[in-house]
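Visitor: I'd like to walk through how this one packs. Can you take my questions as they come?

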Amino acid sequence: MVVQLAKDWRKADLTERDKAMLEFAEKMTLDAAGMNQGEVQKLRKVGFTDEDILSIALLSAYRIFIVRVPDALGCELHGDILGQEERIREALMTGKPI
């Protein structure tokens with residue numbers, strides 16, 4: 001399931017709640033400046049609390065951080081950061097290869 005989510009979460013068998021969360025995280029990753037209260041409202045409509053939404057935003061920001069900082073510095077991530085199973089590492093990898 002992790003590999004499917006990483007490759008194309010839209011094709012995974014997910015609840016509307018999970019899809020809304022992933023849509024928010026994806027938009028935050030690709031166009032944070034273009035986001036507005038509409039995105040927050042979508043999460044509230046599927047049952048997320050404001051505390052949940054803050055957690056989603058913080059965890060998304062952390063994921064962006066751990067990928068982009070090494071890229072900006074020209075560093076490579078060590079495999080143990082993403083886990084030991086190669087197919088999962090490959091699916092989760094963005095930016096520079098391990």
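Visitor: Which residue has its charged end over the ring of F48?

Guide: A charge sits over a ring if NZ of Lys or CZ of Arg is within 6 Å of the ring centre and within 35 degrees of the ring normal. Here the charged end lies 3.9 Å from the centre of the F48 ring, and it belongs to R17.

Visitor: What kind of model is this, and how are residues numbered?

Guide: It's a predicted model, where local features need pLDDT of at least 70, side-chain atom pairs count only at pLDDT 80 or more, and totals for chains, interfaces and linings use all residues. Side-chain values use heavy atoms, with hydrogens and water left out, and residues are numbered along each chain as its sequence is written, from 1.

Visitor: How many aromatic pairs does a search of the whole structure find?

Guide: Rings of Phe, Tyr and Trp (its six-membered ring) pair if their centres lie within 6.5 Å. Across the whole structure, the number of such pairs is zero.

Visitor: Are α2 and α3 roughly parallel or roughly antiparallel?

Guide: Helices here are DSSP runs (H or I, at least four residues), numbered from the N terminus. Axes are lines fitted to C-alpha atoms over the stretch in contact, with angles from 0 to 180 degrees between N-to-C directions. Those of α2 (residues 16–31) and α3 (residues 37–45) come within 9 Å and cross at roughly 160°. That makes the pair roughly antiparallel (angles over 145 degrees).

Visitor: How many residues of the contact of α2 with α3 are charged?

Guide: Contact means heavy atoms within 4.5 Å, and A20, M21, E23, F24 and K27 in α2 meet E39, V40, K42 and L43 in α3. Asp, Glu, Lys and Arg count as charged, Ala, Val, Leu, Ile, Met, Phe, Trp, Tyr, Cys and Pro as nonpolar, and the others, Gly among them, as polar. The split is five nonpolar, no polar, and charged: four.

Visitor: How does α2 lie relative to α4?

Guide: The axes of α2 and α4 (residues 50–73) come within 10 Å and cross at roughly 45°. Angles under 35 degrees count as roughly parallel, 65 to 115 as roughly perpendicular, and what falls outside the named ranges as oblique. That makes α2, relative to α4, oblique.

Visitor: Which residues of α3 meet α4?

Guide: α3 and α4 pack at about 120°, with axes 10 Å apart. On the α4 side the contact has D50, I53 and I56, and on the α3 side V40, L43 and R44.

Note on methods. Helices (H or I, at least four residues) and strands (E, at least two) are DSSP runs, numbered from the N terminus. Rings of Phe, Tyr and Trp (its six-membered ring) pair if their centres lie within 6.5 Å; planes under 30 degrees apart count as stacked, over 60 as edge-to-face and the rest as tilted.
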